[in-house]
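Trainee: I would like to go through this model one feature at a time. Please reason briefly and finish each reply with the item I asked for.

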Amino acid sequence: MMQPSTPIYQFSSTSPYSGLILKREDLSRVGSHKFRYFGPQMKKLATAGVKNIVISTTGNAGITASFLGKQLGIEVYCLMSDKGDLKKAAEIQRHGGKIFLSTRPVRFAKYLAKKLNCPLLKTSKDGAESYQTLGEEFMLQIPNLDIIVNFATSGTSSVGIMQAYQKAGKTLPELHIVQAGKSCSIAREFLKDEEVEWEEGVGLADTPRREEVLKWIMKSGGAAHYVAKEKYEKACKELKGLDLETSWEGAACFWVAKEEILKKNPGQTVGIVFSGRAWDENTKSDFKTVESVKEVDEMIRFL
Ligand SMILES: Cc1ncc(COP(=O)(O)O)c(C=O)c1O
């Protein structure tokens, strides 16, 4: 039988959260669910002799790729928003990844990859299949699962989970997507502007997978939710008090599960993806920034 890569956590039967089950992707070696994509992908590239890769990241993809790059002999160049989480940037650097901050990380990642003539790894384009293992582990570890709550930036992991259920011929669990900050295009399809205060922050304003994710939500009878910073920060604190410290994305999912799902669906079994670790290394680092193609060209000259 397949060995799950990450454990689950179940609240006791007397807890108010007894229907909630946490899938602890944050306890994986690299601290997030991104290993499911970057592991097989980077091994393949290393075998093909690739020496450099570029990614645009909000953090966890960069941490994972840098960690794996060190082991596989691949140099990892990460472009990250200057408004992003600098603790994650420090973690990328700690693993030997090359990190550059920018107001336009997606654009400059594309340009840099072209200039270095190397792959630009993009989970928003491919990679959903690699997250099928997450769906398979849900089926194995929580066979009676009714609802899955997962944070969506690109929506790739959510698509992979649902593909796994479909492939196995199982009844689809309701897919509940959680978004926050700048990532909001899926939630916007479910919520009226007057009901929500859309916030700034990190993420993707839209994803090429929007329609695909919406299709899975509709097919499974789920929904999409948007969580304000104030709420997920409260959830982060509560989880810390329960010795379940995790990233804000996981905490946002926990908030949705307890406040918007469990209250309406008592008795249901709800799986929540704790997709990433709370990075708390307080490394003070100076990060290079790039804001023009000229600066990228300049940077390449010194590599
Ligand atoms: C901690 C964490 N959770 C969830 C996500 C969203 O994953 P996806 O892009 O597959 O929707 C990300 C990716 O940005 C992440 O880093």
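Trainee: In what order do the 4 strands of the open sheet lie?

Mentor: This is a predicted model. The pairing in this open sheet is parallel. Its edge strands, each pairing on one side only, are β3 (52–57) and β10 (288–289). The order is β3-β4-β5-β10.

Trainee: Which residue is the bridge partner of V54 in β4?

Mentor: β3 pairs with strand β4 (residues 75–81) in the parallel sense. That pairing runs over 6 bridges. Within β4, V54 has as its bridge partner Y77.

Trainee: Turning to β8, which residue there stands opposite I177?

Mentor: Strand β7 (residues 174–179) and β8 run parallel and are joined by 4 bridges. On strand β8 (residues 223–226), A223 and H225 point one way, A224 and Y226 point the other way, and all are buried. Opposite I177 in β8 stands A224.

Trainee: How is the protein chain divided into domains, and how far apart are their C-alpha centres?

Mentor: Domain 1 covers 8–31 + 128–274, and domain 2 covers 35–125 + 283–294. Their contact takes 16 residues from domain 1 and 16 residues from domain 2. The C-alpha centres of domain 1 and domain 2 are separated by 25 Å.

Trainee: What classes of residue make up the side of domain 1 that touches domain 2?

Mentor: The contact draws 16 residues from domain 1. By class, that side of domain 1 has 5 nonpolar, 9 polar and 2 charged residues.

Trainee: Which helix gives the most residues to the largest nonpolar core?

Mentor: The largest nonpolar core has 79 residues, of which V149, A252, C253 and I272 touch the most other members. The core draws at least three residues from each of domain 1 and domain 2. The most, 9 residues, come from helix α9 (residues 248–261).

Trainee: Which residues does C253 touch, leaving out those up to four places away in sequence?

Mentor: C253 is one of the core residues that touch the most other members. In soluble globular proteins, nonpolar side chains tend to be buried together. With residues up to four places away in sequence left out, C253 touches V149, N150, F151, V178, I272 and V273.

Trainee: Is Y111 buried or partly exposed, and why?

Mentor: Y111 is found in helix α4 (residues 105–116). A residue needs 20 or more C-beta neighbours within 10 Å to count as buried. Because Y111 has 19 C-beta neighbours inside 10 Å, it counts as partly exposed.

Trainee: Which residues does Y111 touch, not counting those up to four places away in sequence?

Mentor: The C-alpha atoms of Y111 and V290 are separated by 11 Å, although these residues are 179 residues apart along the chain. Under the sequence exclusion you set, the residues that Y111 touches are V293 and V296.

Trainee: Why does the radius of gyration of the protein chain agree with a compact globule, and what is its value?

Mentor: The C-alpha atoms fill a box of roughly 60 × 45 × 35 Å along the principal axes. Of the 303 residues, 47% count as buried. A compact globule with 303 residues would have a radius of gyration near 19 Å, so the protein chain agrees with its value of 19 Å.

Trainee: Among contacts between residues at least 6 apart in sequence, what percentage join residues at least 24 apart?

Mentor: The secondary structure of the protein chain comes to 10 helices and 10 strands. Among the contacts you specify, the share joining residues at least 24 apart is 72%.

Methods
Residues numbered from 1 in each chain as written. Predicted model: local features only at pLDDT ≥ 70, side-chain atom pairs only at ≥ 80, totals over all residues. Core = buried A, V, L, I, M, F, W, Y, C linked by C-beta atoms within 7 Å. Buried ≥ 20, exposed ≤ 12 C-beta atoms within 10 Å, placed from the backbone. Helix = DSSP H or I, 4+ residues; strand = E, 2+ residues; numbered from the N terminus. Domains from an automatic or database assignment. Contact = placed C-beta atoms within 7 Å. Nonpolar A, V, L, I, M, F, W, Y, C, P; charged D, E, K, R; others polar. Rg over C-alpha atoms; globule rule 2.2 N^0.38 Å. Pairing = 2+ DSSP bridges.
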